[in-house]
Amino acid sequence: MRGALIAPIRVYQRAISPLIPRRCKYHPTCSAYAVEAIREFGAARGLVLAGWRLLRCNPWSHGGVDYPRDQRVFRT
């Protein structure tokens, strides 16, 4: 299941992302964050974290360093 969710993100990272300028204010990028979250927390929780990250990545956010392991949504 995880591999099926990560595969389209990898296609985006390798085929589409190099064609557009970098705009993500966060480190790691949103796509890298999604892959890491899915690997670390599983499919359901990883998708929730990736979705929350995408909602936070907007022109009005301050950005910064944000890793899935530092999240506060799901206790580990």
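**Salt bridges, cysteines and core in a predicted model**

Reader: With which residue does Arg53 form a salt bridge?
Author: A salt bridge needs a side-chain nitrogen of Lys or Arg within 4 Å of a carboxyl oxygen of Asp or Glu. The closest N and O atoms of this pair are 3.5 Å apart, and the partner of Arg53 is Asp66.

Reader: How many residues apart in sequence are the parts that Arg53 and Asp66 tie together?
Author: Helices (H or I, at least four residues) and strands (E, at least two) are DSSP runs, numbered from the N terminus. Arg53 lies in helix H3 (residues 43-56) and Asp66 in the segment after E2, so the distance in sequence between the tied parts is 13 residues.

Reader: At what pLDDT do side-chain atom pairs count?
Author: The predictor's confidence in each residue, from 0 to 100, is called pLDDT. Residues are numbered from 1 along each chain as its sequence is written, and side-chain values use heavy atoms, with hydrogens and water left out. In this predicted model, local features need pLDDT of at least 70, totals for chains, interfaces and linings use all residues, and side-chain atom pairs count only at pLDDT 80 or more.

Reader: What is the mean pLDDT of the protein chain?
Author: Among the elements, E2 has the lowest mean, 91, and H2 the highest, 95. For the protein chain, 97% of residues reach 70 or more, and the mean pLDDT is 90.

Reader: Which residues are joined with Asp66 into one salt-bridge network?
Author: Asp66 also forms a salt bridge with Arg56, where the closest N and O atoms are 3.0 Å apart. Asp66 lies in the segment after E2 and Arg56 in helix H3, so this pair ties together parts 10 residues apart in sequence. Shared partners put Asp66 in one network with Arg53 and Arg56.

Reader: Is Asp66 buried or exposed?
Author: Buried means under 20% relative accessible area, exposed over 50%, and partly exposed in between (1.4 Å probe, protein chains only). Arg56, at 22%, is partly exposed. Asp66 has 13% relative accessibility, so Asp66 counts as buried.

Reader: How many residues apart in sequence are the parts tied by Glu36 and Arg69?
Author: The side chains of Glu36 and Arg69 meet in a salt bridge (3.8 Å, N to O). Glu36 lies in helix H2 (residues 30-41) and Arg69 in the segment after strand E2 (64-65), so the separation of these parts in sequence is 33 residues.

Reader: How many disulfides are counted, and why is there no bond between Cys24 and Cys30?
Author: A disulfide is a pair of cysteine sulfur atoms within 2.5 Å. The sulfur of Cys30 is too far for a bond because the closest cysteine sulfur, in Cys24, is 3.4 Å away. Cys24 is buried at 19% relative accessibility, and Cys30 is buried at 14%. The disulfide count is 0.

Reader: Which helix gives the largest share of the largest nonpolar core?
Author: A nonpolar core is a set of buried Ala, Val, Leu, Ile, Met, Phe, Trp, Tyr and Cys residues joined through side-chain atoms within 4.5 Å. The largest one has 6 residues: Ile6, Ile9, Ala34, Val35, Ile38 and Ala50. H1 and H2 are the elements that give two or more residues to this core. The largest share, 3 residues, comes from H2.
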